[in-house]
Amino acid sequence: MREDYLFLKEVPKAYRAERADRIVSGPIVVDHELIRGLPPERGVPEAIAVYEVRDGKILNVWFPPRK
């Protein structure tokens, strides 16, 4: 997961992902996120994060492409 979040070193300090919705099905958790804290011209992008959770730990995380 560290590699997936390395981009955070280069984003504005106000950057955050706000969870808009969550779906849980067994060990799979899907979060619909709104990205906040970017310059106004970027708007409020949306993202999807998919987690595989086992024994209370995240084993895998995926960020499907938006296009």
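How many residues lie between β1 and β2 in the hairpin that they form? In this predicted model, the two strands are separated by 2 residues, and G26 in the turn has a positive phi of about 60 degrees. The hairpin is described below together with the strand that follows, the charged pairs and two individual positions.

The protein chain contains 0 helices and 4 strands, and from the N terminus on its elements run in the order β-β-β-β. Of the 67 residues of the protein chain, 18% count as buried. The accessible surface of the protein chain amounts to about 5,500 Å², and carbon and sulfur atoms contribute 53% of that surface. Among the contacts in the protein chain with a separation of 6 or more, 15% are accounted for by residues 24 or more positions apart.

Strand β1 covers residues 16–25 and runs antiparallel to β2, the two being joined by 9 bridges. One of the paired positions is V24, whose bridge partner in β2 is V29. Strand β2, residues 28–36, is also joined to strand β3 (residues 46–54), in this case by 7 bridges and again in an antiparallel arrangement. Here V30 has V50 in β3 as its bridge partner. Strand β2 thus has bridges to β1 and to β3. In a regular strand the side chains alternate between the two faces of the sheet.

The position I28 is part of strand β2. I28 counts as partly exposed because its relative accessibility is 29%, a value between the limits of 20% and 50%. When residues up to four places away in sequence are left out, I28 touches I23, V50, Y51 and E52. Of these, V50 is also the bridge partner of V30. The C-alpha atom of I28 is separated by 9.7 Å from that of I58, a residue 30 positions away along the chain.

Charged side chains were examined next. Side chains of opposite charge can pair when their charged atoms come close. The structure holds 4 salt bridges. One of them links E18 to R36, with the closest N and O atoms 3.4 Å apart. Because E18 lies in strand β1 and R36 in strand β2, this pair ties together parts that are 18 residues apart in sequence. Both partners are partly exposed: the relative accessible area is 31% for E18 and 25% for R36.

A further salt bridge is formed by R54 and E52, whose side chains meet at 3.1 Å, N to O. R54 is partly exposed at a relative accessible area of 41%, whereas E52 is buried at 15%. E52 is also one of the residues touched by I28. Salt bridges that share partners join R16, E18 and R36 into one network.

Which residue forms a salt bridge with D31? The partner is R22, and the closest N and O atoms of the pair are 2.7 Å apart. The side chains of D31 and R22 are likewise joined by a polar contact of 2.7 Å. The two residues differ in their exposure class: R22 counts as partly exposed at 41% relative accessibility, while D31 has a relative accessible area of 4% and is buried. D31 is classed as buried because its 4% relative accessibility is under the limit of 20%.

D31 is found in strand β2. Leaving aside neighbours within four places in sequence, the contacts of D31 are R19, D21, R22, A47, I48, A49 and Y51. Y51 is in contact with D31 and is also touched by I28.

The loop between β3 and β4 (57–62) includes D55. Phi of D55 is near 50 degrees, a positive value in a residue other than glycine. D55 is exposed, with a relative accessible area of 80%, and this value is over the limit of 50%. A positive phi is thus found both at D55 and at G26, in the turn of the β1–β2 hairpin.

Note on methods
Residues are numbered from 1 along each chain as its sequence is written. This is a predicted model: local features need pLDDT of at least 70, side-chain atom pairs count only at pLDDT 80 or more; totals for chains, interfaces and linings use all residues. Side-chain values use heavy atoms; hydrogens and water are left out. Buried means under 20% relative accessible area, exposed over 50%, partly exposed in between (1.4 Å probe, protein chains only). Contact means heavy atoms within 4.5 Å. Two strands pair if DSSP finds at least two bridges between them. A polar contact is a pair of N or O atoms within 3.5 Å; within protein, one must be able to donate a hydrogen and the other to accept it, and residues adjacent in sequence count only if both atoms are side-chain atoms. Accessible areas come from the Shrake-Rupley method with a 1.4 Å probe; for residues, only the protein chains shown count as cover.
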